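Reader: I should like to understand how the contact between two protein chains is described. May we go through the terms one by one?

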Amino acid sequence: MANQEIIFAGFGGQGILSMGKFLAYAGLEEDLNVSWFPSYGPEMRGGTSNCSVIISDEPIGSPLVVDATTVVVMNRPSLDKFESHVVKGGLLIIDSDLVNREPERDDIEVIKIPAQTVAEEVGSKKIANMVLLGALVEKTKIVSMESLLNALKHHGKEQFFELNKKALERGAEFAR
Amino acid sequence: MAEKVLMKGNEAIGEAAIQAGCQCFFGYPITPQTEVAAYMSRRMPKVGRVYLQAESEVAAINMVYGAAGTGVRVMTSSSSPGISLKAEGISYIAGAELPCVIINIVRGGPGLGGIQPAQSDYFQATKGGGHGDYKLVVFAPASVQEMVDLVQDAFDVADKYRTPVMVMGDGMLGQMMEPVEFKERPKKELPEKTWAANGLRGREKHNIINSLFLKPEELEDHNNKLQAKYKEIENNEVRYELYNCDEEMDLVIVAYGTLARICKNAIKMLKKEGINVGLIRPITLWPFPTEAFEKVMDKTKNGFISVEMSCGQMVEDVALSVNGRKPVHFYGRSGGMVPTPAEVANRIKGIVGGAK
Amino acid sequence: MAVVFERPKALLDVPTHYCPGCTHGVIHRLVAEVIDELGILDKTIGVAPVGCSVLAYDYFTCDMYEAAHGRAPAVATGIKRSVPDSVVFTYQGDGDLAAIGTAEIIHAAARGEKITTIFVNNAIYGMTGGQMAPTTLPGQVTETSPYGRDVNTAGHPIRVSEMISTLDGAVYVERVSVDSVPNIIKAKKAIKKAFEIQLKGLGFSFVEVLSICPTNWGLSPNESIKWLRDNMIPYYPLGVKKDATTGEVK
């Protein structure tokens, strides 16, 4: 049974919500059940931002992820808040350029990626989220890279497609 | 077949209304429903229809009254404190027998409360809210797709019975994205709106949109007419889902909206521990699906538990439906706290006595 | 025999509930005559308020609404927006329009809704039996200002026409009175102009009509007329407050 419950978390403006959306769209490309649920309210104004994405071949219950199979964090407060939400044996993906502490858990798998650096090498810091997303998809295989690229093609801005694609591929290398 | 698209609940509401022929939308910003208004403000002018941001929820619902009286399909949307402000207008709309659709994306209360998901407007929606003997048909979708389907149905039900219909979601349903499909819908046979006050246009006698009946005899007649209509709605429009209710059960959960989905997760968790729990999911909160209880009454060992994101509102209708025949339990969180499946499962284990 | 005077087609042949000496009947007739003269009965929709004219829907032959207290401009907005080729008027008293319905009238005017409001100002709540209204004059005795309106505690009267005339969406604003035949003729001209402005789609038009309430003022009709002239007109000066069609703003 394919079932991934993912939390993406970071600062507003890092593309947290959109990386969740692209993954959800990729799930839709494969005709899986998907849900995307953002934090909303005052949190939207500049502070932290997070969203829950569920991709499953079964009907989805609550769209709010509490026990995450994967957590992706792009800042220190998000690591503090969500490290404990990873299920045992689950996956934690960290932007090591922005998170200045080591995770405490030893019962989960951790992938650390200097996503800002990698993104800058590819062309823009703004696509650090795509570097992390690439690693997530490569590691979990929840959707195929092809579906993710299709999602980007159909729902992303055309002029960023090649850049995003490169960022995803660079990120995937960290998960191999 | 239409293509599946990923949409936020709030935006799906807007698109569903447009596809149902909603001619006018009157809104006012309030979290967590503002995307409904924002979506309508983008789309309605593009399809040659009316979007207007009112000066208040009070004005918005009275604009709905005005537009509905001319016979066009009209919708407004708000969240809990805004619905309280609309309550006056809703009572007038019910009294004047006007069809319209009202969206409530519920947040925690009372007062200004919070902005996180809640179900604490159950009483307000199903037991009145405004003054007088009136009822709202209340739909409670549990997914974005169901939101789309029920918003479209809501316009039909409103027109069929000349009555306001509320579609009640919560912040979670409004904010989440899920795949939706806008299906081709067969055209419904609906009564002609001969009562509409849109100008005489050659008609001999004027039409009056009104809820004032100064003579007690006339007002009682009017109330009796409304009650007869509500009876008909009770007979025809009850909707619910039974989940995992075929076998003997340790307990039956009653839950609606997003919380029903959470309860389904809890049911799956409990099944692994050998505890068999069913679910009654009311889709119409009014009329309440009393008949669903008859179907499971003899199959539940420990009775029922009403699980709500409120301090205990629907549980009163559950108790009325059970009518003393089986125990009725309650579990609720409030203020925007959303119970987890594990929490619900634990509470149920406390009632049925752990794994067997 | 030539007919020289008859009931306007826009009025039903029914007795009204208004008190003896009340000027609502005059104002109803003026509105009805204007509807007849403009030939718009077929597409006119009226909105009655809560207050003495709550039953106006039973007197006009056009399609009618009864609105919640103060909400007539919002209701009229909903009607006009859904049936843009209709002619929509609200008929509201001072409690309805200038107290509970202040937000609705201001915003309908500010939006430039293509509707016409007839605002009947008699400086008192009539239907509920003579309580202080937002337009009750300083010192005026009512049931709820038994020692006379004290502006230090009850605040000041609102000059609605002047207020509305400051709004860009309001195209035509005039205050008239029905205390004499010449003034009644002027009132009719104002009402006609207000409807014409709506027909031309220019924006919001507003006519405030100073009116008497002999019953609740505790005066005879003749004394009431005199009281209106001596007290109301000085506080609420008659005339065009704004006419954007000529660029006139007073």
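Author: Contact here means heavy atoms within 4.5 Å. The model is a predicted one, and in it 36 residues of chain C are in contact with 33 residues of chain B.

Reader: What makes up the area buried between chain C and chain B?

Author: Buried area is what two parts lose in accessible area on being put together, summed over both. For chain C and chain B this comes to about 2,600 Å², with carbon and sulfur atoms giving 58%. On the side of chain C, Asp42(C), Asp63(C) and Tyr65(C) lose the most area to chain B, together 23% of what that side buries.

Reader: Why is the pair Arg71(C) and Glu88(B) called a salt bridge?

Author: The rule asks for a side-chain nitrogen of Lys or Arg within 4 Å of a carboxyl oxygen of Asp or Glu. The closest N and O atoms of Arg71(C) and Glu88(B) are 3.3 Å apart, so the pair satisfies the cut-off of 4 Å. The count between the two chains is four salt bridges.

Reader: Which element gives the most to the side of chain C that touches chain B?

Author: That element is H2(C), with seven residues. By class, this side of chain C has 17 nonpolar, eight polar and 11 charged residues.

Reader: How do you know that strand E9 of chain B pairs with E2(C)?

Author: Pairing requires at least two bridges between the strands. Two bridges join E9 of chain B (residues 208–209) to E2(C), and therefore the strands pair. They run parallel, and Met64(C) in E2(C) is the bridge partner of Ile208(B).

Note on methods
Residues numbered from 1 in each chain as written. Chains lettered and ligands numbered in written order. Predicted model: local features only at pLDDT ≥ 70, side-chain atom pairs only at ≥ 80, totals over all residues. Heavy atoms only, no water. Buried area = accessible area lost by both parts, 1.4 Å probe. Helix = DSSP H or I, 4+ residues; strand = E, 2+ residues; numbered from the N terminus. Nonpolar A, V, L, I, M, F, W, Y, C, P; charged D, E, K, R; others polar.
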